Amino acid sequence: MHILVITFLLIFITSSDCKIIRQVIAFGDSFFDTGNVFNYIFNRTNPPSPPYFKGTYSNGPNSITRVVTKIKYREEHVEFKNYAYGGATTDNQLIQGFSSYKDITLKVPGALQQIELFHQNKTGKQIPQKQRLYFLSAGGNNFFYNNSISYQAITESLLKCVQLLLSYGARHIFVLNFPPYQDSPIITRSGNLSIQHYVENFIIKGKL
């Protein structure tokens, strides 16, 4: 089994701690972005809404929105903080991430930089770590910006993000594996079967 497969779900949690969740924090790329690029990068012009849903990169509520909705159904007073940006990589020091619209391309913070921003922006009453739930989804854009990168390098970068969260005291961390990028519109609409097969091998089989 490759390390990439192991990162499907990393749960750093103790059974008695997660009865009450007061805060959900998300880091990552377009799969988690609920409006950061839309609101803060492109002044509510990209991604266009509609056809995209309320500034996300989805035609409906994305995965992290659905998760938070489920948690709020059980725990009404849950705060949601989202630092994810469409186009983000795992770490800008490894590979710089960008978000583009028409002829404009701007840098966005990587997942590691998002975690650092979250740590720097702590203000007001602090919620105990045992009542915080962290989500991390990143890595696909590393490949799109540099298709020579190895899956081991991406996995190591994700683990670096996890280690940083742990150093800040995080106790409950979910790390999502890569979705099937070979079936995403940007790949399937390219008409290039060699690229589609390469991505499939890279993501699913861990082969280069």
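1. Strand E5 is largely enclosed by the rest of the structure, because six of its six residues are buried. In this predicted model, both faces of E5 are covered: Arg132, Tyr134 and Leu136 are buried on one side, while Leu133, Phe135 and Ser137 are buried on the other.

2. The setting of E5 is an open sheet of four strands, ordered E2-E1-E5-E6 and paired in the parallel sense. In general terms, the strands of a sheet pair through backbone hydrogen bonds, in either a parallel or an antiparallel manner. The edges of this sheet are formed by E2 and E6, each of which pairs on one side only, and the twist from one strand to the next averages 15°.

3. The pairing around E5 can be followed residue by residue. E1 and E5 run parallel and are joined by six bridges, with Phe135 of E5 serving as the bridge partner of Ala26. E5 and E6 are likewise paired in the parallel sense, here over three bridges; Tyr134 has Ile173 in E6 as its bridge partner, and Leu136 stands opposite Val175 in E6.

4. Helix H4, residues 111–120, packs on the sheet, where it touches E1, E2 and E5, and its direction makes about 145° with that of E1. The buried residues in this helix are Ala111, Leu112, Gln113, Gln114, Ile115 and Phe118. These buried residues pack against strands E1 (23–28), E2 (79–82) and E5 (132–137), and also against helix H6, which spans 151–167.

5. The largest nonpolar core has 18 residues, and those with the most contacts inside it are Phe27, Tyr134, Leu136, Leu165 and Ile173. Two or more residues are given to this core by each of E1, H4, E5, H6 and strand E6 (173–175), and H6 supplies the largest share, namely five residues. Apart from this core lies another, of 12 residues, which includes Ala26, Val68, Val78 and Ala84.

6. What does Phe27 contact, once its neighbours within four places in sequence are left aside? The contacts of Phe27 include Gln114, Ile115 and Phe118, which are among the buried residues of H4, as well as Tyr134, Phe135, Leu136 and Ser137, which belong to the buried residues of E5. Phe32, Tyr83, Ala84 and Leu165 complete the list of contacts for Phe27.

7. Val24, placed in strand E1, is buried, since its relative accessible area is 0%. Its C-alpha atom is separated by 4.9 Å from that of Phe80, although the two residues are 56 residues apart along the chain. With neighbours within four places in sequence set aside, Val24 is in contact with Val68, Ile71, Val78, Glu79, Phe80, Lys81, Leu133 and Phe135. Among these contacts, Val68 and Val78 are members of the 12-residue core, whereas Leu133 and Phe135 are buried residues of E5.

8. Is Ser99, which might be checked separately, buried or exposed? Ser99 counts as buried because its relative accessibility is 4%, against a cut-off of under 20% for that label. This residue lies in strand E3, which covers residues 97–101. Leaving aside neighbours within four places in sequence, Ser99 is in contact with Val37, Phe42, Tyr57, Gly86, Ile104, Thr105, Leu106 and Val108.

Key
Residues numbered from 1 in each chain as written. Predicted model: local features only at pLDDT ≥ 70, side-chain atom pairs only at ≥ 80, totals over all residues. Heavy atoms only, no water. Buried < 20%, exposed > 50% of the residue type's maximum accessible area, 1.4 Å probe, protein only. Contact = heavy atoms within 4.5 Å. Core = buried A, V, L, I, M, F, W, Y, C linked by side-chain atoms within 4.5 Å. Pairing = 2+ DSSP bridges. Axes fitted to C-alpha atoms, helices over the stretch in contact; angles between N-to-C directions.
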